[in-house]
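Visitor: Hello! I am new to this structure and would like to learn how to read it. Could you walk me through it, one feature at a time?

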Amino acid sequence: MRTARYYGRGDIRIDDVPEPEVGPGTVGIDVAWCGICGTDLHEYLEGPIFCPTHDTPHPISGETLPITLGHEFSGVVYAVGDGVEDLAVGQHVVVEPYIISDDVDTGPESTDYHLSENMNFIGLAGRGGGLGERIAVQRRWVHPIADSVPLDQAALIEPLSVGYHAVNRSGARAGDVALVGGAGPIGLLTAAVLKALGVTVVMSELSPLRRRKALESGVADHALDPRTTDVAAEVRTLTGGRGADVAFECTSVQVVLDTLMDALRPTGVLVVVSIWGKRSDFDMHKLVMKEIDLRGTIAYVNSHPATIELVESGKIDLAPFITGRIGLDGLVEEGFDTLIHRNETAVKILVSPSGTGL
Ligand SMILES: NC(=O)c1ccc[n+]([C@@H]2O[C@H](COP(=O)([O-])OP(=O)(O)OC[C@H]3O[C@@H](n4cnc5c(N)ncnc54)[C@H](O)[C@@H]3O)[C@@H](O)[C@H]2O)c1
Ligand SMILES: [Zn+2]
């Protein structure tokens, strides 16, 4: 079968590899669609970061480079391994793409398996990936999804779960006002969860296409251009002088962090969602004087069932965020190149590894 494998910085190859073995306790999935994520771009440009190297295997997967990429994917079950009784061939599924040590409690009550030692992701640290035609995944990480959700939209459940967990971390409640810095896929999907909760959403974004997407999809009430609008002042105007209750940093850009701090009300909550490859110059005095709560958020933990429910029930429509569909052969030239050099022209680009969805 064909698969896109990462060999190191700037080196992704389309390889022919044997099909995965659907062993006991695992589920064989025909991948329908897989999203290209900013993390994949980081691996391509600056990696390996999450990926292992050629010499040092990942401590849990035991794998070295090359590894198959792709962690945002949907598909159809084509086989189930021994002991898997509650999923059948033909079922539509999405994957919560974790690689977590077997001795960690990953049960439905766990609130911290995503923080366990050496946690990593399928499609970054081994165990196959969504940018291959087929994958075998442990039953624990496979989530059924209703046939009524198109499989292309289902591929966005994974980044939507990032937004869901980020919103949980913020403690936002219906009636609050949120400011989201950055309307890339993560900012937009965080906004979608906030909207579904009944929060008023203000977004700040440089790209006109992404601002338009935020408004047309209905996930933002206001989409501001920080080059022409004083975002913090506008948020104060919109909130009767109070400021935003919660803010989400989805850019890893210093000036956005500063703007969010200015726009928050005293005792507001600032959630940093973006991955910072560098130290930030943080205004500690402002944090102290406004008693701001600063919180990190990584991935998701037992978030998929709730996220899937938001989509199945129609409370969140993921269709507007899909802006491109390509095959494996176009992965680097069309997919990565667009997102690296012209990301203001796209939101989420999906890949059909077998080409059948195109
Ligand atoms: N915490 C997690 O679990 C998690 C998971 C997935 C991704 N991420 C991270 O989230 C971040 C966002 O991901 P993405 O895919 O949406 O990235 P992206 O690059 O597509 O989006 C960032 C957006 O910020 C906008 N922006 C840049 N400077 C700005 C400014 N000064 N004012 C307003 N907007 C500005 C850009 O125009 C862009 O639209 C990345 O750092 C990514 O690595 C975190
Ligand atoms: Zn991702």
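Visitor: Which residue has a polar side-chain atom 2.7 Å from an oxygen atom of ligand 1?

Guide: That is R210. Please keep in mind that this is a predicted model. To read a polar contact, look for a pair of N or O atoms within 3.5 Å. With R210, the protein's partner atom belongs to the side chain.

Visitor: Where does the backbone take part?

Guide: Look at two residues here. A polar backbone atom of A299 is 2.6 Å from an oxygen atom of ligand 1. At I186, a backbone N or O atom lies 3.0 Å from an oxygen atom of ligand 1.

Visitor: How much of ligand 1 does the protein cover?

Guide: On its own, ligand 1 has 870 Å² of accessible area, and the protein covers 84% of that. Two elements give two or more residues each to the shell around the ligand: α4 (185–197) and α7 (254–263).

Visitor: How many residues surround ligand 1, and which are the closest?

Guide: There are 23 residues around ligand 1, the closest being E205, R210, V273, T297 and A299. Sorted by class, the shell has 13 nonpolar, 8 polar and 2 charged residues.

Visitor: Now for a single residue. Is K348 buried or exposed?

Guide: For that, check the relative accessible area; under 20% is called buried. K348 is at 3%, so this lysine counts as buried. You will find K348 in strand β18, which covers residues 348–352.

Visitor: What does the side chain of K348 reach?

Guide: One partner is the backbone oxygen of I36, at 3.0 Å. Another is E72, whose side chain joins that of K348 in a polar contact of 2.9 Å. If you set aside the neighbours within four places in sequence, the residues in contact with K348 include G35, C37, L156, P185 and F321.

Visitor: How many salt bridges does the structure hold?

Guide: It holds 19 salt bridges. To spot one, look for a side-chain nitrogen of Lys or Arg within 4 Å of a carboxyl oxygen of Asp or Glu. A good example is D245 with R265, where the closest N and O atoms are 2.6 Å apart. D245 sits in strand β14 (residues 244–249) and R265 in strand β15 (residues 264–272), so this pair ties together parts that are 20 residues apart in sequence. Both D245 and R265 are buried.

Visitor: Which salt bridges have partly exposed partners?

Guide: Try D293 and R295, whose side chains meet at 2.8 Å, N to O. D293 has a relative accessible area of 35%, so it counts as partly exposed. R295 is partly exposed too, at 24%. Then there is the salt bridge between R342 and D337, at 3.5 Å, N to O. R342 is partly exposed at 35% relative accessibility, and D337 is partly exposed at 28%.

Visitor: Which residues are linked with E19 in a network of salt bridges?

Guide: E19 shares that network with D30 and R134.

Visitor: And what should I look for in the backbone?

Guide: Begin with the general rule: most residues other than glycine have a negative phi, and most peptide bonds are trans. Then look for exceptions. The peptide bond from G47 to P48 is cis, with omega near 0°. P48 is in the loop between α1 (38–46) and β4 (67–68). A cis peptide bond also joins L65 and P66, with omega about 0°, and P66 lies in the loop between α1 and β4.

Visitor: Where do I find a positive phi in a residue other than glycine?

Guide: E291 is one of these, with phi near 45°. E291 is in the loop between α8 (284–290) and β16 (293–296). At 58% relative accessibility, E291 counts as exposed. T267 has a positive phi as well, of about 65°, although it is not a glycine. This residue is found in strand β15, and T267 is partly exposed, with a relative accessible area of 44%.

Visitor: Lastly, how do I read a distance between two residues far along the chain?

Guide: Compare their C-alpha atoms. E333 and R295 are 38 residues apart along the chain, and their C-alpha atoms are separated by 37 Å. E333 belongs to helix α10 (residues 331–341) and counts as exposed, at 57% relative accessibility.

Key
Residues numbered from 1 in each chain as written. Chains lettered and ligands numbered in written order. Predicted model: local features only at pLDDT ≥ 70, side-chain atom pairs only at ≥ 80, totals over all residues. Heavy atoms only, no water. Near = heavy atom within 4 Å. Polar contact = N/O pair within 3.5 Å; in protein donor to acceptor, adjacent residues only side chain to side chain. Areas by Shrake-Rupley, 256 points an atom, 1.4 Å probe, with all protein chains shown as cover. Helix = DSSP H or I, 4+ residues; strand = E, 2+ residues; numbered from the N terminus. Nonpolar A, V, L, I, M, F, W, Y, C, P; charged D, E, K, R; others polar. Buried < 20%, exposed > 50% of the residue type's maximum accessible area, 1.4 Å probe, protein only. Contact = heavy atoms within 4.5 Å.
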